[in-house]
Amino acid sequence: MQPAIEALPDKSALIERARALVVEKVQAAIAQRGRCTLALAGGSTPKPLYEALAQADLPNDQLYLFWGDERYVPADHPDSNAKMVRESWLERVDIPTENVFSVPTEAPSPAEAAHQYEQTLQQFFQTDGLPQFDVILLGMGDDGHTASLFPQTPVLQIQDRWVAVGEKANQPRITLTAPLINQARNVIFLVSGANKQTALSQVFSPHADALTYPARLIRPAGNLYWLLDAAAAAGLPAQIDFEGTGE
Ligand code: 6PG
C-alpha cells in the first residue's frame, strides 16, 4: 500500500496531527474489535505525543500497550523507553497495569529479554502466524534506522521471529522485527528535524538499499503514515518511489 506522507508546518503541528490520528485509530480498533493493541516508539520525538495522549479521553481499559523497541537497560535507567512513556503518559492516566507490556530488560541477557518478550506477545495474541497490532508508532534515526533495526545489522535479515536483539554500537536493544511490524493494521512514523533530511531522501528514493536505510523495510499490509515536520520533509525527493526494492 502506498504511504500517506504528510508534511506539517512544525513539530507542534506534527504532534497534534499524530495525536488526532492515534486517537482515531484507537477508537476505530475498539469499535471494531473491542480492544486496541498499540506498540510505542522510543526516542525523543514521540514524548510530547504521549503527553498529549495523557490528556486525551481514551478508553484506557481497552487499550493494550507494547514497545516497538527497548534499550537493554534497567526500567529506571534514563535511556529506558519504558521510563520515558511512564513519565510522559502512564503515570498521568489510570490504564490497568495488566494492559501494559514492557520489555523485560531485567532478563539476564538481551537475547533472553527478546525471547521472553516474544513469549509475552505469543501468549497475548494467541495466534499461530504473525499477529496484527492495530497501531505501531515508529521514529526514524538520522541513519535511517527505525525501532532498533539498525543499518547492516543481522536483525534486518530475520524473517522467522517476532522479537529479536537489535544492535546499536555497543548498546544492545530489543526490537520487533520487520516482518512483525509489517503485519500491523496501521504504522505511523513520526519524523521531525532537519537532521533527518538525508535519511528521508534515501528512504523515499528509487535506488536506496533497505539494508542501509532500514526504514525502507517497513511496508505494511495495512495503512502506512509518514508524519513529517517541514524541517524533515525538505529532504523528500521530487519523485517518491516507494515500490523500490524493500529487500
Ligand atoms: C529508540 C527508538 C528509535 C528512535 C529513533 C529516532 O529506542 O531510540 O525506538 O528507533 O525512534 O532513533 O529517535 P528520535 O525521535 O529521538 O530522533
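Reader: How far is an oxygen atom of the ligand from an N or O atom in the side chain of histidine 145?

Author: That pair sits at 2.8 Å, a polar contact (N or O atoms within 3.5 Å). Bear in mind that this is a predicted model, where local features need pLDDT of at least 70, side-chain atom pairs count only at pLDDT 80 or more, and totals for chains, interfaces and linings use all residues. Residues are numbered from 1 along each chain as its sequence is written, and side-chain values use heavy atoms, with hydrogens and water left out.

Reader: OK, and what about aspartate 69 and arginine 71?

Author: For the side chain of aspartate 69, a ligand oxygen is 2.6 Å from an N or O atom. For arginine 71, the figure is 2.7 Å.

Reader: How much of the ligand does the protein bury?

Author: 87% of the 410 Å² that the ligand exposes when taken alone (Shrake-Rupley areas, 1.4 Å probe).

Reader: How many residues surround it?

Author: There are 15 around the ligand (a heavy atom within 4 Å), with Ser44, Thr45, Asp69, Arg71 and Ala147 the closest. By type, the shell has two nonpolar, nine polar and four charged residues, with Gly counted as polar.

Reader: Switching topic, how many salt bridges are there?

Author: Nine, taking a side-chain nitrogen of Lys or Arg within 4 Å of a carboxyl oxygen of Asp or Glu. One of them joins glutamate 16 and arginine 19, at 2.9 Å from N to O.

Reader: Where are those two?

Author: Both are in helix 1 (residues 11-33), three residues apart, so about one helical turn separates glutamate 16 from arginine 19. Helices here are DSSP runs (H or I, at least four residues).

Notes:
Polar contact = N/O pair within 3.5 Å; in protein donor to acceptor, adjacent residues only side chain to side chain.
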